[in-house]
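User: Could you help me read a structure I have just been handed? I would like to go through it slowly.

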Amino acid sequence: MKPILFLTLIPIALAACADSGANYTPILDGAPSAAFASDLEACQRLARNQGQFDQEAAGAAMLGAGAGALLGAADEDGDAVSGAVVGAVAGGAAGAVDANDRRKAIVVECLRGRGHRVAG
């Protein structure tokens, strides 16, 4: 696969992972109340609508690509394009994991704010 084609697939992969943290259903300490299902849906929607997390993950991929390109060019046996690809994958993956964790935290805190006893 050509490196440039691979770099264009990174934003698509990040977008595919964007909702996984927002779809989190936490464990409750006790039985769910009658309002739990609607509150969970509202909190998940709130987490899903945090688009800045996706922008931060894409930014991490671009920073990783830049750092990887510099390191690849500096290595006597390496090349900048391969370094950029590896850096973009590493940066994008780290950014996506962080975004998912932050979305899960939004779901948990939102439910707690609505009075649900969320254990985790």
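Analyst: One term first: buried means under 20% relative accessible area, exposed means over 50%, and partly exposed is what lies in between. Please also keep in mind that this is a predicted model.

User: OK, so is R114 buried, exposed or partly exposed?
Analyst: R114 has a relative accessibility of 42%, which lies between the two cut-offs, so R114 counts as partly exposed.

User: And what does R114 form a salt bridge with?
Analyst: The partner of R114 is D39, and the closest N and O atoms of the two are 3.2 Å apart. D39 lies in helix 2, while R114 lies in the segment after helix 4, so this salt bridge ties together parts that are 75 residues apart in sequence.

User: What about D39, buried or exposed?
Analyst: D39 is buried, because its relative accessible area is 12%, whereas its partner R114 is partly exposed.

User: How many salt bridges are there by this rule?
Analyst: The count comes to 4 salt bridges. Among them is one in which the side chains of D29 and R117 meet, with 2.7 Å from N to O.

User: Where do D29 and R117 sit in the chain?
Analyst: D29 is in the loop between helix 1 (3-17) and helix 2 (36-48), and R117 is in the segment after helix 4, so that pair links distant parts of the chain, 88 residues apart. As for accessibility, D29 is partly exposed at 45%, while R117 is exposed at 55%.

User: Which residue does E109 form a salt bridge with?
Analyst: E109 forms a salt bridge with R112, and the closest N and O atoms in that pair are 3.0 Å apart. Both residues lie in helix 4, where they are 3 residues apart, or about one turn of the helix. E109 counts as partly exposed at 48% relative accessibility, and R112 counts as partly exposed as well, at 37%.

User: Changing topic, where is N100?
Analyst: N100 is placed in helix 4, which covers residues 80-113.

User: Why does N100 count as buried?
Analyst: N100 counts as buried because its relative accessibility is 14%, and the cut-off for buried is under 20%.

User: What lies 3.4 Å from a polar atom of the N100 side chain?
Analyst: That is the backbone nitrogen of G21, so here the N100 side chain is paired with a backbone atom as a polar contact, a term that covers N or O atoms within 3.5 Å.

Technical notes: Residues are numbered from 1 along each chain as its sequence is written. This is a predicted model: local features need pLDDT of at least 70, side-chain atom pairs count only at pLDDT 80 or more; totals for chains, interfaces and linings use all residues. Side-chain values use heavy atoms; hydrogens and water are left out. Helices (H or I, at least four residues) and strands (E, at least two) are DSSP runs, numbered from the N terminus. Buried means under 20% relative accessible area, exposed over 50%, partly exposed in between (1.4 Å probe, protein chains only). A polar contact is a pair of N or O atoms within 3.5 Å; within protein, one must be able to donate a hydrogen and the other to accept it, and residues adjacent in sequence count only if both atoms are side-chain atoms.
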